[in-house]
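Work through the exercises below with the structure open. Each task is followed by a solution in steps.

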Amino acid sequence: MDSLETRSRDVQERTFCKWLNTKLESNGYPAMTSLVKDLSDGVKLIQLMEIMGDVSLGRYNKTPRMRVQKAENVNKALGFITSRGVKLTNIGPEDIIDGNLKLILGMIWTLILRFTIADISEEGLSAKEGLLLWCQRKTEPYKEVDVQDFSTSWSDGLALCALIHCHRPDLLDYDKLDKIDRHGNTRIAFQIAAEHLNIPQLLEVEDLCDSSHPDERSVMTYIASFFHAFSSMDQAQTVSRRVEKFAELMQSVWISKNDYERRVRLLLSAWSDKQTDWKASLFTGTYSEARERSAEFATYKQTTKRTWVTEKQDIATLFGNVQTKLKTYGLREYVPPPSLSLLDVDDAWKALLASEAQRSRAINAEIRQIKESLRKKFAEVANDFEQRLHAISSELTAIDGPLEVQQQLVEQIQTRLPVLSETLNYVAEAEAECNAANIEENDYTVFTCQDLEFELELLVQSISKKIAFIDNQIVSRNMTNLTPAQLEQFESTFRYFDKDETNTLNQSEMTAALASLGIVYSDEDMDYIYDQLLQDYGAVSFEAFINLLVEITEDQTSPEQLREAFRGIASDKPYVTELDLRIAHLPTPSIEFLRETMPHTQNDTSEPEYDYERWLDDVFA
């Protein structure tokens, strides 16, 4: 028991001496080497009280030699201690002067409690209990640590390492500690505390690791240094956090203000540019361009404008957030630079809306004007075209005079049709422009391009019919061997079966026309007749049809009639020449046939002379 007490006293003497030296040395006083010797004259004790109390104790004997001088110094120091409410028990000046170590250690412990441990508080507990609770809370997450006291709980060094790691994990890696290396862990804790935390090493490794019951007061004194060190750190961190938080607040406000001003400038600039573009935009007068501008304007309202509306609202929200944040922390209200306030934004927005309405009206007016111009343009060309049609139709109707003259006049009119058809293309183009502009009504004309196309087609048909009629009339006029009734019947039959009104008949139409007149041939004969007409006339025209009917319907020619006809052609000569036949306008195939079949002789000029008399005798024999 005496050995444990002696060991504890030695540890306390060394620990307390180091603790006192930290006070002295930090204030420029020499360190002590022995509590008994260095405190005996009262000088160090006065210095310590001035340091701890942060006051001056006045004049004292700085180099006392006599016992009475030492007693005065000690009494001055003890009087200051008691004046601070510290109760000293069973110790007087003589005990310190005479070096009573036990009483001296008790006095120093009282000072430690008063000036180091008494102000410790944790959840309502103070001094020893508060310090113990603080240690328990800080080391609770570490499963190998169980702090129950200020003695054996600290003998493996892990509790010290846990305290350090809890506050400064950057100084050691707790997980990598060898949990069974008591001396090593303690030595690491002492070293880190001294070098990085400015906590003097008041204990030795052996004081904790090699003692069955480490001295409680010495351990408390050392652990209290950790509390104050980390409390100062916590306070510094609290102050830093406060400054950091305020700095972050101000930075956030600064960023938000800059963001607000930047976005307002961009938005106002975009609005101004858009209005400038609208003012500089000129219409070219075409409907497609006007519709393109209208489509662009609609796209702007559905995209760009909606983006601006959203941005305007976001800017207002951002401004409100800045003001709310400043008001929350009692800071001065934010006043935007000139022309960047929300009121300025609202005014600019109103100006944009006014320009937008003006732009819309301009586009709509341009479209209306273009549509009206397109109506007038179409009406002008359509009405003009119809007047030209009417004039030609009237001219066609008024044609009179000999058939050849009428024929010439109609053919002249027909030559004007291609130009008229080209003019209709302009009408179609004008109508296409109106259709592209969605123009459905036109008060300037009653005609459509389709109407005029129909009337032009009627005119073309009328001219074709007129030409065919005149041609047919010329043919009919020359048919002197047919009665008027026969001509009328044949002409009406031809017109009836000329379904496509080309003034020609195809084979089926010709077959039907002959059948309607009671003339029926076999298919083989009909093929021969049709092919022969094609060779002679190029087509079964009205002339070919009439000649065919004449050939079919006139009376059978007698030999005497034929001789009389040949004499007429030969001018009463007993023979005919090829020239006589041609002058008589016989068809070339007929001339060729007669040349090959009629007997002939050569005259003095080697021209054949055809003996029609002998030929007729041979034919009719």
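In these exercises Ala, Val, Leu, Ile, Met, Phe, Trp, Tyr, Cys and Pro count as nonpolar, Asp, Glu, Lys and Arg as charged, and the others, Gly among them, as polar. The model is a predicted one.

**Exercise 1. The second largest pocket**

Task: State the volume of the second largest pocket and describe its lining.

Solution. Step 1: the volume of the second largest pocket is about 520 Å³. Step 2: its lining consists of 23 residues, and those nearest the centre are Gln12, Lys102, Leu105, Gly106 and Arg217. Step 3: the elements that contribute two or more residues to this lining are α1 (2-26), α6 (101-117) and α11 (216-280). Step 4: α6 gives the most, with eight residues. Step 5: sorted by class, the lining of the second largest pocket holds 10 nonpolar, six polar and seven charged residues.

**Exercise 2. Glutamine 12**

Task: Decide whether glutamine 12 counts as buried or exposed, and list its contacts.

Solution. Step 1: glutamine 12 sits in helix α1. Step 2: buried means under 20% relative accessible area. Step 3: glutamine 12 has a relative accessibility of 11%, so it counts as buried. Step 4: leaving out residues up to four places away in sequence, glutamine 12 touches Cys17, Leu105, Asp215, Arg217 and Ser218. Step 5: among these contacts, Leu105 and Arg217 also belong to the residues nearest the centre of the second largest pocket.

**Exercise 3. Helix α4**

Task: Check the span of helix α4 against the expected value, then say what its buried residues pack against.

Solution. Step 1: helix α4 covers residues 67-83, which is 17 residues. Step 2: the expected span is 1.5 Å times one less than the number of residues. Step 3: α4 should therefore span 24 Å, and its end C-alpha atoms are 24 Å apart, so the two agree. Step 4: the buried residues of α4 are Ala71, Asn73, Val74, Ala77, Leu78, Phe80 and Ile81. Step 5: they pack against α3 (43-53), α5 (93-97) and α6. Step 6: just after α4, glycine 85 has a positive phi of about 85 degrees.

**Exercise 4. Positive phi outside glycine**

Task: Place asparagine 90 and aspartate 572 in the chain, and give the phi of asparagine 90 and of aspartate 572.

Solution. Step 1: asparagine 90 is in the loop between α4 and α5. Step 2: although not a glycine, asparagine 90 has a positive phi of about 60 degrees. Step 3: its relative accessibility is 64%, so asparagine 90 counts as exposed. Step 4: aspartate 572 is in the loop between α22 (559-570) and α23 (578-583). Step 5: aspartate 572, not a glycine either, has a positive phi of about 70 degrees. Step 6: with a relative accessible area of 66%, aspartate 572 is exposed.

**Exercise 5. The annotated domains**

Task: Find which residues UniProt lists for "domain: Calponin-homology (CH)" and describe each span.

Solution. Step 1: the unreviewed UniProt entry lists residues 10-116 and 125-231. Step 2: residues 10-116 are 65% helix and 0% strand, with end C-alpha atoms 21 Å apart. Step 3: residues 125-231 are 55% helix and 2% strand, with end C-alpha atoms 16 Å apart.

Key:
Residues are numbered from 1 along each chain as its sequence is written. This is a predicted model: local features need pLDDT of at least 70, side-chain atom pairs count only at pLDDT 80 or more; totals for chains, interfaces and linings use all residues. Side-chain values use heavy atoms; hydrogens and water are left out. UniProt positions are given in the numbering used here, feature names are shortened, and annotations may be inferred rather than shown by experiment. Helices (H or I, at least four residues) and strands (E, at least two) are DSSP runs, numbered from the N terminus. On a 1 Å grid over the protein atoms alone, a cavity is a set of points where a 1.4 Å probe fits but cannot get out, and a pocket is an open set with protein on both sides within 12 Å along at least five of seven lines; lining residues have an atom within 4 Å of a point. Grid points are joined across faces, edges and corners, and a volume is the space filled by probe spheres set on the points. Buried means under 20% relative accessible area, exposed over 50%, partly exposed in between (1.4 Å probe, protein chains only). Contact means heavy atoms within 4.5 Å.
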